[in-house]
Amino acid sequence: MRKVLLVLLSIVVFAGSAAAQEQKSVLATPAFNYEAFARLPVQHEGRVKPLDTFARVMLTGFYGQASLPDMSAPAWLAEMLFDQESAYQRPVFNIANPDVLTAIGLKYRPHHRYNFVEVSQALRQNAEMLDRLGALPEGERSGAQEQLLELYSKVFLYFEIARSLSLILPVLNVDDPVLAEKLNVEAGAKLNYLEMMEHRPAFLTLAEEAIAKNPDDMEETDQAALYLGHGLQRLAQDQRSRFLRLVPPQWDDSAAAGNGEWLAPWAVLADGGGSPQTAALFDDWAALAIAYRTGNEQHWDTTAQTLLKRTKDTAGKALNSTALATEYRYNQLDLFRYSLIAYIGAFVVLLAGGLGRPALMRRAAFTLLGGGMFLHAVGVCARMFIMARPPVATLYESILFVGLVTVIFAVILELRNRNNMGIMIGAVAGSLLQFIGMKYATDGDSMGMLQAVLDTNFWLATHVVTITIGYGCCFVAGVLGHLYLLVKVFHPADKERLNMLGRNMLGAGLVALFFAVLGTILGGIWADQSWGRFWGWDPKENGAMLIALWLIWLVHGRVAGTLRPLAFAMGMVLTNVVVALAWFGVNLLNVGLHSYGFTSHIAANLGLFCTLEILFVIGCALYIKGHRRGTTS
Amino acid sequence: MKLNPKIIAIILVVVFGLAAAGYDRWATPHGMKPVTANSKTVVYEQAPDLSFVTLEGEKYTLNDLPEQGVLLHFWASWCTTCIAEFPDLLESVVRADGKVALVAVSIDDDRERMERYLEKSLRKKASDNVDFPSIYWVWDEGKEISLKTFNVLRVPETVFINSQGEMVKKTIGEADWMGSDMTAIYAGFAQE
């Protein structure tokens, strides 16, 4: 298998180098309107999505960001598909690890960006080392070695995407007039693979004649025929490009039901997916390629519109065009980024209120918080509509939803108390969770398909939503605990504020307990239906129970009076640790039936968060104890 | 904060109301309807009204054909799978007794090679079936039907077209022409 991969890599390098040595594309990057192109449906990771989402996910995978400095993701993808000569020269591979660069002999660059040609050549020169690395068992490779193998896969993927539409690119030049006449095309014609196949009988005759000749006796026409044959052969190798599934399926019952496998253009030819509709689609794609390569904006616009309509018509009613359009709009609006900005703005404005005009600043901060919450909620609802499922199905979505619940809770607190506390909690918790969410958003398609275990919408809408509401309430209670301890440290004499915080903490703790217990019980009922048992001591189940037990202990202790407000506040701060361990920590174990949320690389951050929280509690406790002694003596 | 039962009640009503209201919608993804091969809920694409010329020089269009159903079969003389399944394919069309037409489109580059195969090989195996009136032998010069209209490069492939001109099925590769599935499809054509 590795040998095959090495051969493939050689082909990749050869093709890349050949393209680079060919004339550099004379086209500047066309400034087209990419909207219709970006709206085209494509099936990727089991889901039909706009090409815009696909391009963003892919570009993020290669480059680390969803757009290039001078190019949107759809524009980048269009260049990949229609003008590989330029695409191969564009520095999109993000290699920041100096060990990886040293291993393959690339020089360090401050911006960490390298193009396809230089990366693929560097990898090819180190093919034996890659072969050895690939043979190592998992777990025995260093971080840099893992990244090197990942880079190796990305180079293949990049090439595969770039060659997805090579069957309709007009790259076969028939310049020789005699050859052109025998093939019955105009001299100077540029044919694509499909067009060339129409002239196959005449071409085969010419090629056979040329091969039969002694090389010294070959005429220019013979050489042109052989060169054409070489080009045809190179294109035929692209049949392996199956990643970009642009063609709706037609020929099975599942296609009519809307859950059929879409086809890559080359697969249509190779696997028998052809039909009059695919032929028309290929004609449109070919016209689009010509418009791109000739820089004809008007032709590009009209062809992209036609192609979009035809693809939708071919996909039929099974394609949810409204969801597709909503997803495109969702991508454009970037609602969560703006809600993060609004939350940060609310925090800053609230602090600025300390300098003067506090009433005005409070109103402004509350408006910003409310605006952020609105954008946040619209984003969550849009995702629900697009995916036709409840708001929480992945770890990323749980972060978004917990953030929203926290902000809503904070807004309710502010409406009740009108003392800036709710604004502060909402702004801090909302921005923190949105920031963490943004980190997860770059990890592939944030609207991934559900693991089979989760694919039960009723329980997703009840158990998962309830338990994540519980997380959000715990988070609010935890932030209140922080505030209590800070007030206790800096304004120990402010009894009124401490009492208010104590009451709110207890209320938030009770609400959190209610949802945590209800969610856990609902989860048990779901588990009974899905797995045949109510409780199985799975890590996630244990985590949920830990939260419930922790809150029961705290709330019970406080209500019964055995826990003083200070101890209760410390416990509430540590609730954040318990929740973080149940929410993210169990996923690090990668065991149990809930391991669908497995995440790596978060152990350090989780450890840091828990340590800081514990240190905060200990630090505050020691300070308060010391302060009391000082006051008493 | 005092625990306000009204707030808890409102949150509960919202959560479970949403779940209950959304259950029906979410239980069945958008646009999905149960379909079967013969179900009328499936909207089939219309086949183009192709015109073709048989080896005898007679010109037809798909709509001209008197048979109820049409098998638009793509094959080549160099294709071993095509050659292997031809006797069964021809026999199945003969058994349909004029209800099903076979338009056998050869994608051979060389017409003479194709005709040589028909005369010297196939006729020996399938005897008179080659000349059955519902079988139309076509050489696809210029790949007009195969590549340009149906994107066919690999053979054998067969598109099934019903009496309304709808493309109801396609088989890719070797098919079981004498099997019960095919018998059912032929019977369906005959009833139309």
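**Exercise 1. Explain why the sulfur of C620(A) has no bond to the closest cysteine sulfur.**

*Solution.*
Step 1: Find the partner. The closest cysteine sulfur to that of C620(A) belongs to C610(A).
Step 2: Check the distance. The two sulfurs are 17 Å apart, so they are too far from each other for a bond. A disulfide needs a pair of cysteine sulfur atoms within 2.5 Å.
Step 3: Check the surroundings. C620(A) has 7% relative accessibility and is therefore buried. Here, buried means under 20% relative accessible area, exposed over 50%, and partly exposed in between (1.4 Å probe, protein chains only).

*Ground rules.* This is a predicted model: local features need pLDDT of at least 70, side-chain atom pairs count only at pLDDT 80 or more, and totals for chains, interfaces and linings use all residues. Residues are numbered from 1 along each chain as its sequence is written, chains are lettered from A and ligands numbered from 1 in the order in which they are written, and side-chain values use heavy atoms, with hydrogens and water left out.

**Exercise 2. How many disulfides does a search of the whole structure find, and which cysteines does a disulfide join?**

*Solution.*
Step 1: Count. The search over all chains gives 1 disulfide.
Step 2: Name the pair. C79(B) and C82(B) are joined, with 2.3 Å from S to S.
Step 3: Read the handedness. The torsion about the S-S bond of C79(B) and C82(B) is about 85°, which means that the disulfide is right-handed.
Step 4: Place the pair. Both C79(B) and C82(B) are buried.
Step 5: Compare with a free cysteine. C474(A) takes part in no disulfide, and its nearest cysteine sulfur, that of C473(A), lies 7.1 Å away. C474(A) is also buried, because its relative accessible area is 0%.

**Exercise 3. Describe the fold of chain B by its helices and strands.**

*Solution.*
Step 1: Count the elements. Chain B has 5 helices and 7 strands. Helices (H or I, at least four residues) and strands (E, at least two) are DSSP runs, numbered from the N terminus.
Step 2: Read them in order. The pattern along the sequence is α-β-β-β-α-β-α-β-α-β-β-α.
Step 3: Ask how much is covered. Of the 192 residues in chain B, 47% are buried.

**Exercise 4. Which partners form salt bridges with R56(A), K309(A) and E144(B)?**

*Solution.*
Step 1: Fix the rule. A salt bridge is a side-chain nitrogen of Lys or Arg within 4 Å of a carboxyl oxygen of Asp or Glu. The count over all chains is 30.
Step 2: Take R56(A). Its partner is D52(A), with the closest N and O atoms 3.0 Å apart. Both lie in helix α3 (residues 51-63) of chain A, 4 residues apart, about one turn of the helix. R56(A) is partly exposed at 25% relative accessible area, whereas D52(A) is buried at 1%.
Step 3: Take K309(A). Its side chain meets that of D313(A), 3.0 Å from N to O. This pair sits in helix α17 (residues 297-315) of chain A, again 4 residues apart. K309(A) is exposed at 53%, and D313(A) is partly exposed at 45%.
Step 4: Take E144(B). It pairs with K148(B), with 2.9 Å between the closest N and O atoms. The two are 4 residues apart in helix α4 (residues 144-150) of chain B, so about one helical turn separates them. Both are partly exposed: E144(B) at 41% and K148(B) at 36%.
Step 5: Look for a network. E35(A), R39(A) and R329(A) are linked by salt bridges.

**Exercise 5. Which residues form the negative surface patch, and which gather in a patch of positive charge?**

*Solution.*
Step 1: Fix the rule. Patch residues have over 30% relative accessible area and no salt bridge; like charges are joined within 9 Å, and nonpolar side chains (Val, Leu, Ile, Met, Phe, Trp, Tyr) within 5 Å.
Step 2: Name the negative members. They are D88(B), E174(B), D176(B) and D181(B). D181(B) belongs to helix α5 (residues 180-191) of chain B and is exposed at 62%.
Step 3: Name the positive members. They are R113(B), R116(B), K120(B) and K124(B). K120(B) falls in helix α3 (residues 111-126) of chain B and is exposed at 54%.

Note on methods: Accessible areas come from the Shrake-Rupley method with a 1.4 Å probe; for residues, only the protein chains shown count as cover. Lys and Arg count as positive and Asp and Glu as negative; His and the chain ends are not counted. The place of a charge is taken as NZ of Lys, CZ of Arg, CG of Asp or CD of Glu.
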